[in-house]
Amino acid sequence: MPRTSPLTSTRKTLIDFAFLAAAVAAVTMAVTVNGQPRWVTLVVFSLPAVASANTALRPWDADADVSLVLFLAMAALGFLGADGNEGAIATTIAISLCDALTWDTFRRRRWHAVAINIGATTLSAGGAASTYLLLLQLDVLQVIAMGASVVAYASINICTLLFSVYLDREIPVKVLWSDIRPTIPNYFATGIIGLLVGVLAVTIGPAVIVFSIILFAISRWTFTTFLRLRSTQGAVLRVFVRLIEAKDAYTAGHTERVAVFARCIGEELGLPPERIDRLHRAALMHDVGKLAVPSRLLNKPGRLTPEEWDVMKRHNTVGVGILGRIDFLRETAVTASDKHGHYNAPGHDTPPDLVFEAHIVAVADAFDAMTSTRSYRQALDQSVAFAELRKHSGTQFNPECAEALIAAIERRGERYGAGHETDIHEFAVPPPIVGVGSAGLGDLASGATAGVSSTSDGEA
């Protein structure tokens, strides 16, 4: 393993010191202003908090764990907030720290992560509790105080984590934000419900808290089962991708890039998460039928013969057949099919949303085909690919999908194609700068009009 440079080590030490110092200062201020923790409440709420933190769930589309510690901390805040407020801030902070001090972090000796989590959690919980109590003292409506408290917690927690990880790893903020964003609903759902349960416990009795914890435990078990199912489905997708990679390393990289472009189009068009998830799966599987195509045809540098082209075309039928036999991939068979990817292809009785998703995959597939090096020619420039997508919009490509991909790439300032390839595949015969096959090739070089039939490798 590469050693950490002295500069990186020093920077991490400074970050750790800053976060721990901020945590100590926040706790000291909380105790000075609001009193020491309410020890009975702390013990009662900390026990389930520790159990939850050490069995945290991770949503399939996030890099951050989700536990019920925030719910328990906010429930304690709501419970103590109506009881003179003494020690409410320190108690909320202490319960929240259960999320930072987990067995896994100590077992793996992730001291840097521990320091950052302690600081971020302390500041977030302290800010949320202080906001809630202050607004109650100002006779603000309790529901507004609840909302403001959760907003304070989420804002401080997200900002401190973004700041610390950016300093630590120098990862672009937009990338970090994409990892954290899926967990935002958890802040508001568990935070506000926790406060509400704590307030109700004051008037109805502590049994409300016990009942809520049991209810959350059942919900958690249900969600765990769901995540295991999703994990199994993800494993199936990975197996297919690995099989494709074993068959042809280039095709595997291509399918993963197409999935990224398809997701970009879906997000640009504002599709709901469930459709984007289905779209991503279909894009990953759109070339699965090539498992039945001989490698010599996939990597042939020249024009395919009519007989070879007949064999190549079968990959679509094979792919649809494979996907149609797997329950959770059955719907993706339509989206992954070349039959529905062409904009002018008849839809028959196929659901319009699936046909539209097939149009998205077709655009993503064509763009990657044009901007990556293939056996029959080197990658085209991104501007050429954009021009070809627009040129054939309304005939081969869905205009809305083509413009969405172009807009997404331009808005993000990304570059693909000649001179910007990151996944360079070694071919037995070096591909020519221009040649036969899909979009652009020799036809573009000669100024003639070319078709953009780029959805299959080696097209004539």
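# A tour from helix α4 to the nonpolar cores

Begin by selecting Ala88, which counts as buried because its relative accessibility is 0%. The model on display is a predicted one. Ala88 belongs to helix α4, which spans residues 88-96.

**Stop 1: the surroundings of Ala88**

Keep Ala88 selected and display the residues in contact with it. Leaving out residues up to four places away in sequence, Ala88 touches Asn34, Leu77, Leu80 and Leu133. Next, draw a distance from Ala88 to Gly35. These two residues are 53 residues apart along the chain, yet their C-alpha atoms are separated by 7.8 Å.

**Stop 2: the whole of α4**

Extend the selection to the full helix. How many of the nine residues of α4 are buried? Eight of the nine are, so α4 is largely enclosed by the rest of the structure. The buried residues of α4 are Ala88, Ile89, Ala90, Thr91, Thr92, Ile93, Ile95 and Ser96.

**Stop 3: α3 against α4**

Add helix α3, residues 69-81, to the view. The axes of α3 and α4 come within 9 Å and cross at roughly 165°. An angle over 145 degrees counts as roughly antiparallel, and α3 is therefore roughly antiparallel to α4. The crossing of α3 past α4 is right-handed. To see the contact, show the side of α3 formed by Val69, Leu72, Ala73, Ala76, Leu77 and Leu80, together with Ala88, Thr91, Thr92, Ile95 and Ser96 of α4. Ala88, the starting point of the tour, is thus among the α4 residues that make this contact.

**Stop 4: α2 against α3**

Hide α4 and bring in helix α2, residues 39-53. The axes of α2 and α3 come within 8 Å, and the crossing angle is roughly 165°. That angle makes α2 roughly antiparallel to α3. Here, too, the crossing is right-handed, with α2 passing α3. On α2, select Thr41, Phe45, Pro48, Ala49, Ser52 and Ala53; their counterparts on α3 are Val69, Leu72, Ala75, Ala76, Phe79 and Leu80. Leu80 takes part in the contact with α2, and also in the contact with α4.

**Stop 5: Ser212 in α10**

Move along the chain to Ser212, which lies in helix α10. Is Ser212 buried or exposed? With a relative accessible area of 9%, Ser212 is buried. Beyond its neighbours within four places in sequence, Ser212 is in contact with Phe71 and Val197. The C-alpha atoms of Ser212 and Val197 are separated by 7.5 Å, and the two residues are 15 residues apart along the chain.

**Stop 6: the largest nonpolar core**

In soluble globular proteins, nonpolar side chains tend to be buried together. The largest nonpolar core in this model holds 37 residues, and those touching the most other members are Ile265, Met285, Ile360, Val363, Phe367, Leu389 and Leu405. Colour the helices that each supply at least two residues of this core: α10 (207-247), α11 (249-268), α12 (273-285), α17 (352-371), α18 (382-391) and α19 (399-412). Which helix provides the largest share of the core? That helix is α17, with eight residues.

Now centre the view on Phe367. Apart from residues up to four places away in sequence, Phe367 touches Phe261, Gln382, Ala385, Phe386, Leu389, Leu405, Ile409 and Tyr416. Another core, of 32 residues, lies apart from the largest one, and includes Leu80, Leu97, Leu135 and Leu195.

**Stop 7: two loop residues with positive phi**

Select Arg109, in the loop between α5 (103-107) and α6 (111-137). Arg109 is exposed, as its relative accessible area is 64%. The phi of Arg109 is near 55°, a positive value in a residue other than glycine.

Then proceed to Asp139, in the loop between α6 and α7 (142-169). Asp139 is exposed, with a relative accessible area of 71%. Its phi is also positive, about 60°, although Asp139 is not a glycine.

**Last stop: the whole protein**

Finally, clear the selection and view the complete chain. The protein contains 20 helices and zero strands. Of its 460 residues, 48% are buried. Among the contacts with a separation of 6 or more, 72% are between residues 24 or more positions apart. The accessible surface of the protein is about 22,300 Å², and carbon and sulfur atoms account for 63% of it.

Conventions. Residues numbered from 1 in each chain as written. Predicted model: local features only at pLDDT ≥ 70, side-chain atom pairs only at ≥ 80, totals over all residues. Heavy atoms only, no water. Helix = DSSP H or I, 4+ residues; strand = E, 2+ residues; numbered from the N terminus. Buried < 20%, exposed > 50% of the residue type's maximum accessible area, 1.4 Å probe, protein only. Contact = heavy atoms within 4.5 Å. Core = buried A, V, L, I, M, F, W, Y, C linked by side-chain atoms within 4.5 Å. Areas by Shrake-Rupley, 256 points an atom, 1.4 Å probe, with all protein chains shown as cover. Axes fitted to C-alpha atoms, helices over the stretch in contact; angles between N-to-C directions. Parallel < 35°, antiparallel > 145°, perpendicular 65-115°, else oblique. Left-handed = near helix turned anticlockwise from the far one by under 90°.
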